[in-house]
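Biologist: I should like to learn how to read a model of this kind. May we go through it feature by feature?

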Amino acid sequence: QKELLQTLKGKENVTLSGQKIKLYANIGNIADLAAVLQNDAGGIGLFRSEFLYLEKDTFPTEEEQFSVYRQVAETMAGKPVIIRTLDIGADKQADYFHLEPEENPAMGYRAIRICLTRKDIFKTQLRAIYRASSYGSIAVMYPMITSVQEVKEIKEVAEEVKAELDADHIPYKNIEQGIMVETPAAAVLSDLLAEEVDFFSIGTNDLTQYTLAIDRQNTNLDKFYDPHSPAVLRLIELIVKNAHQAGIWVGICGELGADMTLTKQFLQMGVDELSVAAGCILPIRKIIRETK
Ligand code: PEP
Ligand code: MG
């Protein structure tokens with residue numbers, strides 16, 4: 001079985017009827033890159049940037065972040081690298097943020113909510129990402145979006161960052177900006193959000209948590225945490241439809257993307273990209289190539 005999978009390296013992710021889909025990898029650290037290359041990922045569909053913040057006892061500098069993003073972009077040698085901006089808060093805490101304890105951290109002060117109230121932190125990260133964009137094929141995506149207004153505000157911050165780079169004569173590319181669709185609000189508003197961004201990436205872990213009102217961390221609720229719920233699958237279908245109607249691409253980067261019992265269904269919906277743990281790439285490629 002393992003040898004068989006090895007023969008799939010370098011092969012396309014194409015069904016028997018010719019439908020193609022992109023297979024990218026999720027990473028949470030530089031150390032994950034080896035597996036990404038080994039398993040022939042087409043790119044990085046979700047680079048969780050939190051580790052940069054969690055492994056330190058003070059804010060990572062622009063220079064530190066730039067050097068990591070650049071290294072990832074260069075290692076991927078022109079293949080897409082989608083960097084997700086800071087998704088700290090809730091379960092992922094760093095003391096130096098001085099976040100107050102919360103009753104409902106999953107529904108609390110986290111991710112883009114921190115970035116839009118602490119624009120200094122946000123701008124430092126965006127500046128590092130834009131600077132690194134000259135060294136490969138980088139895109140940026142924003143987590144925990146719930147409104148069109150948030151996206152407009154984010155795009156203004158990105159414009160400010162670009163203007164500052166221009167003023168400093170620092171080169172950058174006009175990279176794609178996308179959002180994670182991982183709240184029911186974003187799913188329901190996906191027709192309007194699709195007009196504002198270049199792509200969607202569906203975060204099924206949080207989308208399941210918020211749609212079913214089930215804390216994804218609470219192991220007592222495992223039997224109720226069901227990403228196969230028709231409520232979740234209907235939202236995914238709606239998001240894909242709205243993305244395509246607006247002419248943007250849409251991927252899935254939550255754990256459900258690697259669920260091989262759903263690969264065929266995702267293909268039928270027309271999902272453009274699946275971003276999964278590196279070890280799942282070749283097994284999913286096999287399934288895709290066996291699908292009619
Ligand atoms: C998700 O919510 O599905 C996701 C990919 O993001 P995270 O698991 O980091 O919250
Ligand atoms: Mg999430």
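Biologist: Is cysteine 253 buried or exposed?

Modeller: Buried means under 20% relative accessible area, exposed means over 50%, and partly exposed lies in between (1.4 Å probe, protein chains only). Cysteine 253 has 2% relative accessibility and therefore counts as buried. Cysteine 115, at 1%, is buried as well.

Biologist: On what basis should I read such values?

Modeller: This is a predicted model, in which local features need pLDDT of at least 70 and side-chain atom pairs count only at pLDDT 80 or more, while totals for chains, interfaces and linings use all residues. Residues are numbered from 1 along each chain as its sequence is written, chains are lettered from A and ligands numbered from 1 in the order in which they are written, and side-chain values use heavy atoms, with hydrogens and water left out.

Biologist: How many disulfides are there?

Modeller: A disulfide is a pair of cysteine sulfur atoms within 2.5 Å. By this rule the count is zero. The cysteine sulfur closest to that of cysteine 115 belongs to cysteine 253, and at 16 Å it is too far for a bond. For cysteine 253 the closest cysteine sulfur is in cysteine 280, and the 14 Å between them is likewise too far for a bond.

Biologist: Where is glutamine 65 placed?

Modeller: Helices (H or I, at least four residues) and strands (E, at least two) are DSSP runs, numbered from the N terminus. Glutamine 65 belongs to helix H4, which covers residues 62–75. Its relative accessibility is 1%, so glutamine 65 counts as buried.

Biologist: With which side chain does the side chain of glutamine 65 make a polar contact?

Modeller: A polar contact is a pair of N or O atoms within 3.5 Å; within protein, one must be able to donate a hydrogen and the other to accept it, and residues adjacent in sequence count only if both atoms are side-chain atoms. The side chain of glutamine 65 makes such a contact with that of tyrosine 53, at 3.3 Å. A polar atom of the glutamine 65 side chain also lies 3.5 Å from the backbone oxygen of proline 60. Contact in general means heavy atoms within 4.5 Å. Leaving aside neighbours within four places in sequence, the contacts of glutamine 65 include Thr124 and Ala128.

Biologist: What can be said of glutamate 62, which is also placed in helix H4?

Modeller: Glutamate 62 is buried, with a relative accessible area of 18%. Its side chain makes a polar contact with the side chain of arginine 127 at 2.9 Å. Beyond four places in sequence, glutamate 62 is in contact with residues including Thr124 and Ala128.

Biologist: Which residues come nearest to ligand 1?

Modeller: A residue is near a molecule if one of its heavy atoms lies within 4 Å of it. Of the 14 residues around ligand 1, the nearest are Arg48, Arg84, Gly203, Asn205 and Arg216. A polar side-chain atom of arginine 48 is 2.7 Å from an oxygen atom of ligand 1. A backbone N or O atom of aspartate 206 lies 3.0 Å from a ligand 1 oxygen. Taken alone, ligand 1 exposes 290 Å² (Shrake-Rupley method, 1.4 Å probe), and the protein buries 98% of that.

Biologist: Which element gives the most to the shell around ligand 1?

Modeller: Helix H10 does, with three residues. Strand E2 (44–48) and helix H10 (204–212) each supply at least two.
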